[in-house]
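Take a moment to look over the structure below. Then follow the text from one part to the next.

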Amino acid sequence: MGRLRLAIVGLTASERAELEALASRRQTAQAMALRARIVLGCASGLQNKEVAAQLGIDPVTVSKWRRRFLADGLEGLRDEPRCGAPRTVDDARIEAVITRTLESLPPDATHWSSRGMARASGLSTSTVQRIWRAFGLQPHREGTFKLSTDPDFVDKVRDVVGLYVAPPAHAIVLCVDEKSQIQALDRSQPLLPMRPGQIAKRTHDYKRHGTTSLFAALDIATGHVIGKCYPRHRATEFRKFLDEIEANVPADLDVHLVMDNYATHKTQIIRDWLVKRPRWHVHYTPTSASWVNQVERFFALLTERQIRRGVHRSTEALRQAITSFIAQHNANPKPFRWTKSADDILASIERFCVRNMPEQTSDSGH
């Protein structure tokens with residue numbers, strides 16, 4: 001066809017508006033956006049080489065889409081049907097698989113397997129897997145969740161998160177909790193060490209050598225941890241641990257204590273201890289919302305790095321291991337970075353409820 005030129009008059013107002021929208025809209029497929037820019041460049045009177053240089057593409061590509069637009073207008077910019085075998089599974093059968101997956105259960109199991117669904121729907125296992133993958137369905141997987149039913153949930157979240165985001169001046173914020181009943185476990189047979197090509201192995205059975213309970217207080221500003229192990233986790237031990245905190249906190253600072261609603265934390269002996277110390281201020285986390293308490297993140301590190309794979313032949317050995325871990329942590333402490341505001345957290349919980357439990361949330365008032 002030789003060199004073709006598109007005069008400005010070759011575009012109607014509606015065509016130009018649609019092309020400009022395709023070229024600038026973020027959600028437009030990049031291929032369509034490029035084709036729209038090619039046509040707009042040609043419509044401005046530029047040669048193929050000039051448009052190609054401007055867009056960093058080959059002149060042959062410019063010629064192709066100039067020609068397609070002249071022949072078929074905006075429709076010419078869309079991809080032509082590709083060659084290949086026709087579909088063997090129509091939309092109705094795909095919808096039936098999705099509906100059955102979401103709204104029914106197999107008679108012999110708690111969830112569908114790809115083979116079970118293939119037998120029930122008359123499709124191949126690979127076809128069922130492709131359908132599930134395309135629509136993000138994973139019947140073999142199941143997560144857990146727990147929503148707090150605390151009537152003061154919103155106020156408590158705002159109170160605690162407010163301390164994290166904007167801690168008060170001349171004060172220390174401590175997240176306190178206990179990790180109770182930590183077992184001193186020894187494997188029934190010696191561990192097999194890791195070797196090239198072989199992971200470390202241990203027996204599934206073990207010997208119990210007693211338990212200990214760790215009380216810990218995390219300084220949210222520095223990441224420093226005050227921790228002490230006790231044989232039990234009663235109010236008596238908790239009061240002794242408060243004495244431990246008192247001895248380690250400068251006397252000129254207010255103490256803001258974040259802790260849960262465990263009964264041990266609210267006994268008369270604890271209330272009397274706190275009343276006598278006006279610089280101490282208690283902030284309770286919502287019921288069933290331990291994730292608000294930052295010390296739980298430290299407990300997770302302790303479990304992962306020391307307790308889960310540790311071998312302890314006595315409670316004393318277990319206590320020494322925990323004490324050593326805390327000392328190593330405090331040698332180079334790093335605070336956990338709290339990133340979400342209270343509004344972000346509450347909005348996220350609201351979206352979860354609306355998306356997953358519309359009937360329950362409509363009557364709950366949360």
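The paragraphs below move from the sheet to the helices around it, then to the cores, one histidine and a helix pair.

Keep in mind that this is a predicted model. Start with the sheet. It is open and has 5 strands, in the order S3-S2-S1-S4-S5, with mixed pairing. S3 and strand S5 (280-284) stand at the edges. Each has a single partner strand, so one side of each is left without a neighbour in the sheet. From one strand to the next, the twist averages 25°.

Now look at S1 and S4. These two strands run parallel, and 5 bridges join them. Leu174 stands opposite Leu257 in S4.

Helices pack on this sheet. H11 touches S1, S2 and S3, and its direction makes about 25° with that of S1. Helix H9, residues 235-248, lies across S1, S2, S3, S4 and S5. H9 runs at about 150° to S3.

What fills the interior? In soluble globular proteins, nonpolar side chains tend to be buried together. Here the largest nonpolar core has 32 residues. Val157, Cys175, Leu214, Val258 and Ile322 have the most contacts inside this core. Several elements each supply at least two of its residues. Among them are strands S1 (171-187), S2 (206-219) and S3 (225-230). Helices H8 (153-165), H11 (295-307), H12 (315-331) and H13 (342-356) do so as well.

Leu214 is worth a closer look. Beyond residues up to four places away in sequence, Leu214 touches Asp177, Glu178, Lys179 and Ile182, among others. Its contacts also include Gly227, Lys228 and Cys229, along with Phe299, Leu302, Ile322 and Ile326. Apart from the largest core lies another, of 20 residues. Phe215, Ile226, Ala235 and Ile245 are among its members.

Is His256 buried or exposed? Its relative accessibility is 12%, so His256 counts as buried, the cut-off being under 20%. His256 lies in strand S4, residues 254-259. A polar contact of 2.9 Å joins its side chain to that of His283. Leaving aside neighbours within four places in sequence, His256 is also in contact with residues including Leu163, Pro168, Ile172, Leu174 and His281.

Finish with a helix pair. The axes of helix H2 (residues 30-43) and helix H4 (residues 59-72) come within 9 Å and cross at roughly 80°. That crossing makes H2 roughly perpendicular to H4. From H2, the contact is made by Arg35, Ile38, Val39 and Cys42. From H4 come Thr61, Val62, Trp65, Arg66 and Phe69.

How values were computed:
Residues numbered from 1 in each chain as written. Predicted model: local features only at pLDDT ≥ 70, side-chain atom pairs only at ≥ 80, totals over all residues. Heavy atoms only, no water. Core = buried A, V, L, I, M, F, W, Y, C linked by side-chain atoms within 4.5 Å. Buried < 20%, exposed > 50% of the residue type's maximum accessible area, 1.4 Å probe, protein only. Helix = DSSP H or I, 4+ residues; strand = E, 2+ residues; numbered from the N terminus. Contact = heavy atoms within 4.5 Å. Polar contact = N/O pair within 3.5 Å; in protein donor to acceptor, adjacent residues only side chain to side chain. Pairing = 2+ DSSP bridges. Axes fitted to C-alpha atoms, helices over the stretch in contact; angles between N-to-C directions. Parallel < 35°, antiparallel > 145°, perpendicular 65-115°, else oblique.
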